[in-house]
Structures are given as C-alpha cells and as structure tokens.
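Q: I am new to this structure and would like a close look at a single part of it. Please pick one part, describe it step by step, and show how it relates to the rest.

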Amino acid sequence: MASLEISLLLFSFKFLFNDTLFSICSGLLLFLMIFGILKILSNLGEKTIFKVIYIILLFFPLLNLFVLFSVNSRAKKYLKEQGYNVGALGLKDAFLTAP
C-alpha cells in the first residue's frame with residue numbers, strides 16, 4: 001500500500017520533476033503496485049483469472065482504490081485468522097519489535 005501514497009505524493013509534486021523522470025517514476029510505481037497485488041493474491045490462493053481481473057481494474061481511475069482496499073481487507077482478514085494482531089495500518093508494533 002505504500003506505493004499508493006508514493007504515487008499520490010509524486011502526482012502532487014509533479015512540477016518538481018521533468019517529464020522523463022516523472023514517466024520513469026510513474027512506471028516504476030505501477031510495476032510495484034502490480035507486483036504487490038500479485039504477490040498478495042498468490043499468497044491468498046486466488047485463481048489466475050481473478051488476478052488478471054484485479055490487474056485490469058487497477059487501470060481504471062476510481063476502481064483501483066476499491067481493488068486496493070479489497071485486497072488489503074482480505075490480507076488483514078487472513079493475518080487475523082493466522083493469529084496476528086492487525087490494526088488499521090498493518091501489524092501492531094509489538095509484533096514488529098518482538099525477538
């Protein structure tokens with residue numbers, strides 16, 4: 001989900017970049033978003049056709065937010081089923097600092 005925040009930041013400061021650098025950064029962020037969605041859906045055991053549908057929906061302006069929120073909620077539900085303490089922004093700090 002960090003790629004979404006980075007892409008929003010990138011688009012809000014577009015005037016600081018030239019067109020070539022902006023295109024490279026946008027392409028990289030798109031690749032990272034697709035890679036992340038595929039990795040999460042693969043670990044959740046999703047079928048290939050649904051992965052393709054999710055990737056296609058990422059290219060539509062408002063639907064991509066619904067796709068990202070849907071995948072995020074499914075990942076959080078899976079982590080809770082595995083016994084992890086998950087909050088609104090991810091795993092709790094106690095898990096991250098545990099030995």
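A: A residue is called buried when its relative accessible area is under 20%, exposed when it is over 50%, and partly exposed in between. The model is predicted, and the part chosen here is helix α4, which runs over residues 63–81.

First, the setting. The chain has five helices and two strands, and their order along the sequence is α-α-α-α-β-β-α. Of the 99 residues in the chain, 22% are buried. The accessible surface is about 7,300 Å², and carbon and sulfur atoms account for 70% of that area. Among contacts between residues at least 6 apart in sequence, 35% link residues at least 24 apart.

Now the helix itself. With 19 residues at 1.5 Å a residue, α4 should span 27 Å, and this agrees with the 27 Å between its end C-alpha atoms. The buried residues of α4 are Asn64, Val67, Leu68, Val71 and Ala75. Around the axis they cover an arc of only 95 degrees, so they sit on the same side of α4. The general background is that an α-helix has 3.6 residues a turn, so residues three or four places apart point the same way. The other side of α4 carries exposed residues: Phe66, Phe69, Lys77, Lys80 and Glu81.

Asn64 can be taken as an example from the buried side. Its relative accessibility is 17%, and because the limit for buried is 20%, Asn64 counts as buried. Residues up to four places away in sequence left aside, Asn64 touches Leu57 and Leu58. Just after α4, Gly83 has a positive phi of about 100 degrees.

What does the largest nonpolar core consist of? It has 10 residues, namely Met33, Ile34, Ile37, Leu41, Tyr54, Ile55, Leu58, Val67, Leu68 and Val71. Two or more of these residues come from each of α2 (19–43), α3 (48–57) and α4. Helix α2 gives the largest share, four residues. As a general point, nonpolar side chains in soluble globular proteins tend to be buried together.

Ile37 shows how this core is joined. When neighbours within four places in sequence are left aside, Ile37 is in contact with Tyr54, Ile55, Leu58, Leu68 and Val71. Two of these contacts, Leu68 and Val71, are also among the buried residues of α4.

Helix α3 is the next piece. Its buried residues are Lys51, Tyr54 and Ile55. Viewed down the axis of α3, they fall within an arc of 100 degrees, so they line one face of the helix. The cover over these buried residues includes α2 and α4.

That leaves α2. Its 25 residues, at 1.5 Å each, should span 36 Å, which agrees with the 36 Å between its end C-alpha atoms. Phe22, Leu29, Met33, Ile34, Ile37 and Leu41 are the buried residues of α2. Leu30 also lies in α2, but at 31% relative accessibility it counts as partly exposed. Leu30 and Leu58 are 28 residues apart in sequence, while their C-alpha atoms are 9.2 Å apart in space. After α2 comes Gly45, with a positive phi near 80 degrees.

One further feature belongs to α2. Rings are paired when their centres lie within 6.5 Å, and by this rule there is one aromatic pair. It is formed by Phe31 and Phe35, whose ring centres are 6.2 Å apart and whose planes are at 15 degrees, so the pair is stacked. These two residues are four apart in helix α2 and therefore separated by about one helical turn. Phe31 is exposed, because its relative accessible area is 52%, and Phe35, at 45%, is partly exposed.

To return to the chosen part: α4 has its buried residues on one side, and Phe66 and Lys77 are among the residues exposed on the other. Val67, Leu68 and Val71 are included in the largest nonpolar core.

Notes: Residues numbered from 1 in each chain as written. Heavy atoms only, no water. Buried < 20%, exposed > 50% of the residue type's maximum accessible area, 1.4 Å probe, protein only. Contact = heavy atoms within 4.5 Å. Expected span 1.5 Å × (residues − 1). Arc of directions from axis to C-beta. Core = buried A, V, L, I, M, F, W, Y, C linked by side-chain atoms within 4.5 Å. Phe/Tyr/Trp six-rings, centres within 6.5 Å; stacked < 30°, edge-to-face > 60°. Areas by Shrake-Rupley, 256 points an atom, 1.4 Å probe, with all protein chains shown as cover.
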